[in-house]
Amino acid sequence: MAEIYINGEPHTVDDGQMIIEVTDQLGIDVPRFCYHRKLSVAANCRMCLVEVEKMRKPVPACATPISDGMHIHTHSETAVDARRGVMEFLLINHPLDCPICDQGGECDLQDLAMAHGSGHSRYQEEKRAVEDEDLGPLIETEMTRCIHCTRCVRFGQEVAGQMELGAAFRGEHMEIGTYVGSTVESELSGNMIDLCPVGALTSKPYRFTARVWEMKRHETVCPHCSVGCNMEIEEVQGQVKRALPVVNEAVNEEWICDKGRFSYEAVEHGRVTTPMIRRNGEWQEASWEAAFDAALRGLRSVGKDLAAVVAPTATLEEQWLTQHLVRGVGATEVDHRQHWADADFDSHIADATPLLGQTLEDLEAVDAALVIGGNPRKDQPLANHRLHKAAKKGAEISTLNPVAYPENFRYLAHLVHAPGAESPAVAALAAALARTTGESAPADVDPEEAGLEQEALDRVAHSLHQGERVAVLVGTQAQEHPQAAEIVAQARRLAGLAGARFGYLAPYANSVGAWAMGCVPHRGPGGDGVRQGRPATAFLGEEARKGYVVVGADPLVEAGDPVAARRALGEAEFRLVITSHWSATAEHADVVLPAAAHPENEGTYLSGEGRLQAMRPAANPAGEARPAWKILRVLAHSLGVPGSEFVEVDEVRTHAEAAVARAGVTLGGSPAEVAYEPEPQAVGGEGLWRIPSRHIYHDDLFVRHAPSLQEQFGGLRAFLHPDTAAELGLREYAEARFAGEGGAVWLPVHLDEGVPRGAAWIPAGEDSAPLGPAYGRVRVETNK
């Protein structure tokens, strides 16, 4: 501890801190531009100069450590004069364009110029101008406003893990820009907008649409991945203008990914705003009364031969009411796992929920971690940020994947297995770990069959064995794999050998919630026993039903086999779709009921770590849209389902939260152990192995309607190893015709040495849906 004096007042503080950290803790204002508590110290703006007795000139508070007996003056005449001089130099070249600058009203330079600047300028020479950068569809630039604080540069290096901006030239000629005119691609790039203390970097979708003092703020929860980032929606007279992060150190710290930040644009695009009924093959607008009558007639006509798909991004209330409706009419089939391909996975986690197995803060503290079948950088960006921070502290992070996904921090190892060898690869690593720990290893495990080198396996096994705090995480791709049950069984054995915490990187905002709500065919809310039905892999495949209810989902694009889903829905007698946005599935429906979109909705999410979080509406539903929970409640009540007399969403939330408690879900809790031995499942066929993933800006219905993110997405591509492409006579950027079980598509080819030979990495999406099963074989039939 150190005894120091600030402005004459004594304070006892911890050693090793910088002056600015102490003043922030004590609530003493010290201005700054370049300093940020989450970034390294640059000390290049000099706005935080303070006077320290016995030092011959003012010193930067952000770069001066405290010492015992130090006397600091933050508002002395010396400190104030020094800051006034710094401000005068900063304003020499800054344009006087505050009235047209989007940063106006929340600009640090504007505020500090009022507090520390002069009423007039002594500068008479020409101002310097800098050419603007084109950083892509998300970030707008006015580089003449830049004051060279380098926050954006340091954020890219230290948080995003991708140095996309840097400084060129020196002195007055210094410029911030990208490398040879590249755009910014990081999934966290929008945070640079928040960090910029001036108007040099602003939001391109938000540009010139509102002023900060006009907007109302509404705190909510991000509806995309399972991290559950806290954010606020800002609106003017009910029109959503932008989304910003809300500080929550336990969840997202003060960052959000670009998907959560910019997807709000979907509120204005592709909306279903009025009930629609198909009559004689043509869509007709209808009143709510007529639409409900048509929906009820259709549901009564199919009776118990009914299946429901509810989105894993729907709220707990919507998920609970979906299963309540379906089971209330005597049907058994309701599922949120349209993306999954392994029906046998039901048995494997029959008494569990796919929890992370620890908190996000625990993830940051691991000594070693292994991600199996996942790309958390794109699937759960803020969970990946925690692994990044752990790696910076010395943790050894490894992956076992079918592709060496692009990294944004240094891994211990990327174990890339042979195509189709997911389960043997995990078994090979478990065998290596068994030998490392002195356990008996299976004699029939051959790493070469999985395409892995024994030396790399031993290196990862040693890391997992030596670590005191170890995590084994099953990612999105492994959960959606046709051999998911087998992969997870092997992963559990591996975690047991390592003494590691086992968990899942749940794919979507309410994936864990959907399990707890009973949106699976083999268990009810809270794990209650129910008459077991068939999973989505069956009723969206060979075991089609007469009727379907689809809530917030788009199985004709998102299902594990979109071609089979299209066939199943095409054979149905009645299809009811409740959705906020038009979709391929809505196009094949008989009745479409317009639902509120995320910023218009109210409800609860259960994150991957088991955290319950509520969201509130920021705007009224578009047109005649209604919250989906109200639509489901009316349908259930009209069909005579007992216990459907809800008036407020809080009444439904009571049932949902009770189900969470019965399911045993706790913050940081572990998924329950299940004794289960899956049967190995073969994936046959001829041609290239298809390796799927879901692109961060294309993986749910809401984000697919956000124009700026779709421009950033740029369309689906097929990634091939250069050797595979050469064998097929394909070059970079050439278009090739890929044919699967369901059909064929033309896709541009990109070469990537991270893709194993004999495989094609083709993400799932609208353009690749005709290929059929996400996991399987594809043939390259011809090329342009």
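**Figure 1. Glu253 and its salt bridge with Lys38****.** In this predicted model, Glu253 counts as buried, with a relative accessibility of 2%. Its partner Lys38 counts as partly exposed at 22% relative accessibility. The closest N and O atoms of the salt bridge between Lys38 and Glu253 are 3.2 Å apart. Lys38 belongs to the loop between helix H1 (19-26) and strand E3 (49-52), and Glu253 to the loop between strand E12 (239-245) and helix H6 (258-262), so the pair ties together parts that are 215 residues apart in sequence. Both residues also take part in a network of salt bridges that links Arg37, Lys38, Glu249, Glu253, Glu254, Glu364, Arg386, Lys389 and Lys393. The structure as a whole holds 44 salt bridges.

**Figure 2. The salt bridge of Lys378 and Glu187****.** The closest N and O atoms of Lys378 and Glu187 are 3.0 Å apart. This pair links distant parts of the chain, 191 residues apart: Lys378 is in helix H11 (residues 376-379), and Glu187 is in the loop between E8 and H5. At 24% relative accessibility Lys378 counts as partly exposed, whereas Glu187 counts as buried at 1%.

**Figure 3. The salt bridge of Arg545 and Glu333****.** Here the closest N and O atoms are 2.6 Å apart. Arg545 is placed in the loop between helix H18 (536-539) and strand E22 (547-551) and Glu333 in strand E16 (residues 333-335), so that the pair links distant parts of the chain, 212 residues apart. Arg545 counts as buried at 19% relative accessibility. Glu333 counts as buried as well, at 5%.

**Figure 4. Surroundings of Glu235 in strand E11****.** Strand E11 comprises residues 230-236 and contains Glu235. This glutamate is buried yet has no salt bridge. The nearest side chain of opposite charge is that of Lys216, 5.4 Å away, and a salt bridge would require a distance within 4 Å. The side chain of Glu235 does make a polar contact of 2.8 Å with the side chain of His218. Leaving aside residues up to four places away in sequence, Glu235 touches Glu214, Met215, Lys216, His218, Val240, Lys241 and Ala618.

**Figure 5. Helix H4 and the elements that cover it****.** Helix H4 spans residues 151-158 and is mostly covered, with seven of its eight residues buried. The buried residues are Arg151, Cys152, Val153, Arg154, Phe155, Gly156 and Glu158. Their cover includes three helices and three strands: helix H3 (108-116), helix H5 (191-195) and helix H12 (381-392), together with strand E7 (166-168), strand E8 (175-177) and strand E9 (201-203).

**Figure 6. The interface of domain 3 and domain 4****.** The domain assignment places domain 3 at residues 360-504 and domain 4 at residues 688-781. The other domains in this assignment are domain 1 (2-92) and domain 2 (276-346 + 510-663). The centres of domain 3 and domain 4, taken over C-alpha atoms, are separated by 25 Å. Their contact takes 16 residues from domain 3 and 14 residues from domain 4. Between them the two domains bury about 1200 Å², with 69% of this area on carbon and sulfur atoms. One salt bridge is found across the interface, and three residue pairs are in polar contact between the two domains. Arg694 forms a salt bridge with Glu480, in which the closest N and O atoms are 3.3 Å apart.

**Figure 7. Pro773 and its contacts****.** Pro773 lies in the loop that runs between strand E31 (759-761) and strand E32 (776-783). Although Pro773 and Gly560 are 213 residues apart in sequence, their C-alpha atoms are 5.7 Å apart in space. Besides Gly560, Pro773 touches Asp561, Arg690 and Glu741, with residues up to four places away in sequence not counted.

**Figure 8. Positive phi at Ala43 and at Lys54****.** Most residues other than glycine have a negative phi. Ala43, however, has a positive phi of about 55 degrees, and phi of Lys54 is near 75 degrees. Ala43 is located in the loop between H1 and E3, and Lys54 in the loop between E3 and strand E4 (59-60). At 15% relative accessibility Ala43 counts as buried, whereas Lys54, at 89%, counts as exposed.

Terms used. Residues numbered from 1 in each chain as written. Predicted model: local features only at pLDDT ≥ 70, side-chain atom pairs only at ≥ 80, totals over all residues. Heavy atoms only, no water. Helix = DSSP H or I, 4+ residues; strand = E, 2+ residues; numbered from the N terminus. Buried < 20%, exposed > 50% of the residue type's maximum accessible area, 1.4 Å probe, protein only. Lys, Arg positive; Asp, Glu negative; His and termini not counted. Polar contact = N/O pair within 3.5 Å; in protein donor to acceptor, adjacent residues only side chain to side chain. Contact = heavy atoms within 4.5 Å. Domains from an automatic or database assignment. Buried area = accessible area lost by both parts, 1.4 Å probe.
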